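Please open the model in your viewer and keep the selection panel at hand. The tour goes from one chain to the contact between chains, and then to a few single residues.

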Amino acid sequence: MLDQSLMGKTYPKIIFLVEKQRLKFFAKATQQSDPLYFDEDFAKRNGHPTILAPITFLTTVGYEQEKPYKYLQDLGVPIGNILHAKQEYTYYEPIYAGDKLQMESKIGKIYEKKEGTLDFISFISNYKNQKDLLVAESVSTVVIRNK
Amino acid sequence: MILNELNNYQIGDEIPSLNVKPITRSMLASYAGASGDHNPIHIDIDFAKKSGLADVIAHGMLVMSFLAQAITNIFPQDSIKKFDAKFIAITNINDILTCKGKVVDIKSEGSLKKLFLELLVFDDSGEKKLSGSATIELIL
């Protein structure tokens with residue numbers, strides 16, 4: 001049984017600079033074929049200020065800290081026991097190379113399914129850019145494999 | 001693609017499917033570096049075995065990123081308002097994935113047209129890996 005009192009626990013703000021090279025690396029690793037994600041000249045010719053971040057790029061922001069799985073440690077869950085169960089994104093503004101993002105996160109829900117054999121934890125984040133505009137929100141849910 | 005063509009999408013229409021190359025260890029290592037997700041379950045076979053798995057497994061977010069491309073190949077990124085995925089089954093080394101999407105509902109609000117997509121990733125044996133949905137808003 002996980003400590004339900006940690007629902008709503010907040011984590012320190014993360015500042016993340018969206019680097020051009022990092023976007024190119026991410027585009028290559030996820031096999032993006034659209035040059036908007038890695039070719040600056042192409043992006044400019046197509047009405048964008050510079051290289052655009054793909055819609056799953058925000059996943060990188062949370063890992064940009066010393067202990068990205070701190071919330072799991074706080075709940076006493078070993079990292080080898082979790083699987084990603086669900087990921088949800090809501091988008092408001094595009095993210096471009098050079099943007100400076102701020103991510104704020106908290107533990108969302110902690111709940112059981114299948115008579116306690118499966119535990120779920122959701123982690124809620126919001127992301128703002130350097131203009132203080134909300135660019136996106138995400139909810140990431142992990143399931144604990146009770147071995 | 002021009003807006004007129006996007007505007008022709010009807011309920012029940014499928015978007016072109018996206019075929020992904022077989023999953024390799026180097027794809028997972030590269031994604032770990034690019035995303036910053038260094039959970040050893042994806043890159044270290046010894047750790048994976050200690051965690052009760054037969055081998056390293058693919059990052060769910062890598063699979064979701066392939067699926068994202070199936071959507072952004074068709075719809076301009078600024079028209080995508082919501083995107084979510086449920087990870088149903090583990091994706092293993094050598095799995096060959098296909099990403100699909102289908103329009104399941106359309107709502108028009110003035111000059112705004114909302115398309116609701118149902119999304120699916122499955123392997124060449126037909127096993128479902130991921131199911132998801134997306135909301136697209138087109139301004140007419």
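## Chain B as a whole

Begin by colouring chain B by secondary structure: from the N terminus on, its elements run α-β-α-α-α-β-β-β-β, which amounts to 4 helices and 5 strands. This is a predicted model, and everything pointed out on the tour is computed from it. With only the C-alpha trace of chain B shown, the span along the principal axes is about 55 × 30 × 20 Å. Of the 140 residues in chain B, 34% are buried, and among its contacts with a separation of 6 or more, 64% join residues that are 24 or more positions apart.

## Where the two chains touch

Now display both chains and select the residues in contact between them, which are 32 residues of chain B and 30 residues of chain A. On the side of chain B, the elements that give two or more residues are H2, helix H3 (45-50), H4 and strand S2 (80-87), and the largest share, 9 residues, comes from H4(B). If you colour this side of chain B by residue class, you will find 13 nonpolar, 12 polar and 7 charged residues.

## A pair of helices across the chains

Next select helix H1 (residues 20-29) of chain A and helix H2 (residues 25-35) of chain B, whose axes come within 9 Å and cross at roughly 150°. Because angles over 145 degrees count as roughly antiparallel, H1(A) is described as roughly antiparallel to H2(B). The crossing of H1(A) with H2(B) is left-handed. Show side chains for Phe25(A), Phe26(A) and Ala29(A) on H1(A), and for Ser30(B), Tyr31(B), Ala34(B) and Ser35(B) on H2(B), since these residues make the contact; they divide into 5 nonpolar, 2 polar and no charged.

Staying with H2(B), select Leu28(B), Tyr31(B), Ala32(B), Ala34(B) and Ser35(B), which are buried. The buried residues of H2(B) pack against H1 of chain A together with H4 of chain B. Just after H2(B), Gly36(B) takes a positive phi of about 85°.

## The largest nonpolar core

Which residues touch the most other members of the largest nonpolar core? Among its 64 residues, they are Leu23(A), Val63(B), Phe66(B), Leu67(B) and Cys99(B). Helix H4 (residues 60-72) of chain B provides the largest share of this core, 9 residues. Centre the view on Val63(B), which, leaving aside its neighbours within four places in sequence, is in contact with Ala58(B), Thr91(B), Leu97(B), Val121(B), Lys129(B) and Leu130(B).

## Three residues of chain A

Move to helix H2 (residues 40-45) of chain A and pick Ala43(A), which counts as buried because it has 20 C-beta neighbours inside 10 Å. Leaving aside neighbours within four places in sequence, its contacts are Leu36(A), His48(A), Thr50(A), Ile51(A) and Leu52(A).

For the last two stops, recall that most residues other than glycine have a negative phi. Gln31(A), in the loop between H1 and H2 of chain A, has a positive phi near 60°, and it counts as partly exposed because 16 C-beta neighbours lie inside 10 Å. Finally, select Asp132(A) in the loop between strand S4 (118-128) and strand S5 (134-145) of chain A: although not a glycine, Asp132(A) has a positive phi of about 65°, and with 7 other C-beta atoms within 10 Å it is exposed.

Note on methods: Residues numbered from 1 in each chain as written. Chains lettered and ligands numbered in written order. Predicted model: local features only at pLDDT ≥ 70, side-chain atom pairs only at ≥ 80, totals over all residues. Axes fitted to C-alpha atoms, helices over the stretch in contact; angles between N-to-C directions. Parallel < 35°, antiparallel > 145°, perpendicular 65-115°, else oblique. Left-handed = near helix turned anticlockwise from the far one by under 90°. Contact = placed C-beta atoms within 7 Å. Nonpolar A, V, L, I, M, F, W, Y, C, P; charged D, E, K, R; others polar. Core = buried A, V, L, I, M, F, W, Y, C linked by C-beta atoms within 7 Å. Buried ≥ 20, exposed ≤ 12 C-beta atoms within 10 Å, placed from the backbone.
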